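Work through the exercises below with the structure at hand. Try each task before you read its solution.

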Amino acid sequence: ALVNAYLLEAELYNRRGRHADALAVYERGLAVFEDDPELLYARALGYEKVGRVDEAVADLRRLHQLDPTNPDVMNALGYTLADRTDQFDEALGLIQRALELKPDNPAIIDSMGWVLFKLGRLDEAVTHLKRAFELQRDAEVAAHLGEALWVSGQKEEAQSIFRLGQEIDPDHAGLRKTMERLLP
């Protein structure tokens, strides 16, 4: 129950955009509850949010060490490696194992599509990303699918997916940045 108090306090800071304060709360919590999976995971996401990718990866690697069969941890580490580093082969291996354990999980299917996109395997990427978007209409997945379609030359379909993503979440920063980068 005390762990939840740390998580709640940090979440309140995060909602106000006070990410450094949230990270400080995770630090305090982990000083008391060393290697607590929820605090480690939350801190990893916090680090990623503020661009401290190496520290995010370190926390996710620690979580993977603590529970090497957890598909959600494998996916989080794999996705972070695919999205924020150039360690695509390691990312692919982690995400493949996660997908074997949870073959119908839209977040993991999205991660698989994204790492395949990063590896330049566009047809496979689009297949996975379309499936992820069918399973879970999500602005982040729309950004990934739209970009993969755009790069593979399917620009009208990409624009249609981007519009759907905007309907789902008009304020999604990742979708907005992707559209600003790609659309004329």
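**Exercise 1: Contacts across the chain**

Task: Find what share of the contacts with a separation of 6 or more comes from residues 24 or more positions apart.

Solution: In the protein chain, residues 24 or more positions apart account for 44% of the contacts with a separation of 6 or more. Keep in mind that the model is predicted.

**Exercise 2: Fold and overall form**

Task: List the elements of the protein chain, then set its radius of gyration against that of a compact globule.

Solution:
- Step 1. Count the elements: the protein chain has 11 helices and 0 strands. From the N terminus on, the order reads α-α-α-α-α-α-α-α-α-α-α.
- Step 2. Take the spans. Along the principal axes, the C-alpha trace covers about 50 × 35 × 25 Å.
- Step 3. Apply the globule rule. For 184 residues, a compact globule would have a radius of gyration near 16 Å. The protein chain has 17 Å, which agrees.

**Exercise 3: Surface and charge**

Task: Describe the burial, the exposed area and the placing of charges in the protein chain.

Solution:
- Step 1. Burial: 45% of the 184 residues count as buried.
- Step 2. Area: about 9,600 Å² is exposed, and carbon and sulfur atoms supply 49% of it.
- Step 3. Charge: there are 22 positive and 33 negative charges. Their mean positions lie 3 Å apart.

**Exercise 4: The two sides of helix 11**

Task: Which residues of helix 11 are buried, and why do they line one face of the helix?

Solution:
- Step 1. Locate the buried residues. Helix 11 covers residues 173-182, and L175, T178, M179 and L182 are buried there.
- Step 2. Look down the axis. The buried residues of helix 11 fall within an arc of 95 degrees, so they line one face.
- Step 3. Recall the geometry. An α-helix has 3.6 residues a turn, so residues three or four places apart point the same way.
- Step 4. Turn to the face away from the buried side. Exposed residues K177, E180 and R181 sit there.
- Step 5. Identify the packing partners. The buried residues of helix 11 pack against helix 9 (139-151) and helix 10 (155-168).

**Exercise 5: V126 and its surroundings**

Task: Is V126 buried or exposed, and which residues is it in contact with beyond its neighbours within four places in sequence?

Solution:
- Step 1. Place the residue: V126 belongs to helix 8 (residues 122-135).
- Step 2. Apply the cut-off. Buried means under 20% relative accessible area. V126 has 8%, so V126 is buried.
- Step 3. Leave aside the neighbours within four places in sequence. V126 is then in contact with L145, A148, L149 and S152.
- Step 4. Check the C-alpha distance to G113. V126 and G113 are 6.6 Å apart in space and 13 residues apart in sequence.

Technical notes
Residues are numbered from 1 along each chain as its sequence is written. This is a predicted model: local features need pLDDT of at least 70, side-chain atom pairs count only at pLDDT 80 or more; totals for chains, interfaces and linings use all residues. Side-chain values use heavy atoms; hydrogens and water are left out. Buried means under 20% relative accessible area, exposed over 50%, partly exposed in between (1.4 Å probe, protein chains only). Helices (H or I, at least four residues) and strands (E, at least two) are DSSP runs, numbered from the N terminus. The arc is that of the directions from the helix axis to the C-beta atoms. Contact means heavy atoms within 4.5 Å. The radius of gyration is taken over C-alpha atoms; the globule rule is 2.2 Å times the number of residues to the power 0.38. Accessible areas come from the Shrake-Rupley method with a 1.4 Å probe; for residues, only the protein chains shown count as cover. Lys and Arg count as positive and Asp and Glu as negative; His and the chain ends are not counted. The place of a charge is taken as NZ of Lys, CZ of Arg, CG of Asp or CD of Glu.
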